[in-house]
Amino acid sequence: MSSGKTLVELIREKTGVSAEQAQQAVDVVVGFLKEKLPEPIAAQVDQVLKGDISALADQIDAAKTMLGGLFGGKKNE
């Protein structure tokens, strides 16, 4: 079962809504995240929900390096 399906099932369990309503809620949240997140991360939302986080790992590492530099952390040379 994919993470997306797990999320739908979790919403159904916690709220008692139908599968269709739970899927609509997931679709709304995913759309919101894609709209609000920076493009390199937003582009990976579907892969994350499918359980494929390998593509996102590089983006997370790059973001950590950038943020570390912004806040005075050790910069990679």
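User: In which helix does isoleucine 41 lie?

Analyst: The model considered here is predicted. The chain has five helices and zero strands. Isoleucine 41 falls within residues 39–42, and that run is helix H3.

User: Is isoleucine 41 buried, partly exposed or exposed?

Analyst: The relative accessibility of isoleucine 41 is 28%. Buried requires under 20% and exposed requires over 50%. Because its value is 28%, isoleucine 41 counts as partly exposed.

User: What distance separates the C-alpha atoms of isoleucine 41 and alanine 63?

Analyst: Along the chain, isoleucine 41 and alanine 63 are 22 residues apart. In space, their C-alpha atoms are separated by 9.7 Å.

User: Which helix gives the largest share of the largest nonpolar core?

Analyst: The largest nonpolar core has five residues, namely Val8, Ala22, Val26, Val30 and Val45. Three residues of this core come from one element, spanning residues 19–36. The largest share therefore belongs, by the numbering of DSSP runs from the N terminus, to helix H2.

User: With which residues is valine 8 in contact, leaving aside its neighbours within four places in sequence?

Analyst: Valine 8 is one of the residues of the largest nonpolar core. Leaving aside neighbours within four places in sequence, its contacts are Ala19, Ala22, Gln23 and Val26.

User: What percentage of the residues of the chain count as buried?

Analyst: The accessible surface of the chain comes to about 5900 Å², with 58% belonging to carbon and sulfur atoms. Being buried means having under 20% relative accessible area. Of the 77 residues of the chain, the share that counts as buried is 12%.

Notes:
Residues numbered from 1 in each chain as written. Predicted model: local features only at pLDDT ≥ 70, side-chain atom pairs only at ≥ 80, totals over all residues. Heavy atoms only, no water. Core = buried A, V, L, I, M, F, W, Y, C linked by side-chain atoms within 4.5 Å. Buried < 20%, exposed > 50% of the residue type's maximum accessible area, 1.4 Å probe, protein only. Helix = DSSP H or I, 4+ residues; strand = E, 2+ residues; numbered from the N terminus. Contact = heavy atoms within 4.5 Å. Areas by Shrake-Rupley, 256 points an atom, 1.4 Å probe, with all protein chains shown as cover.
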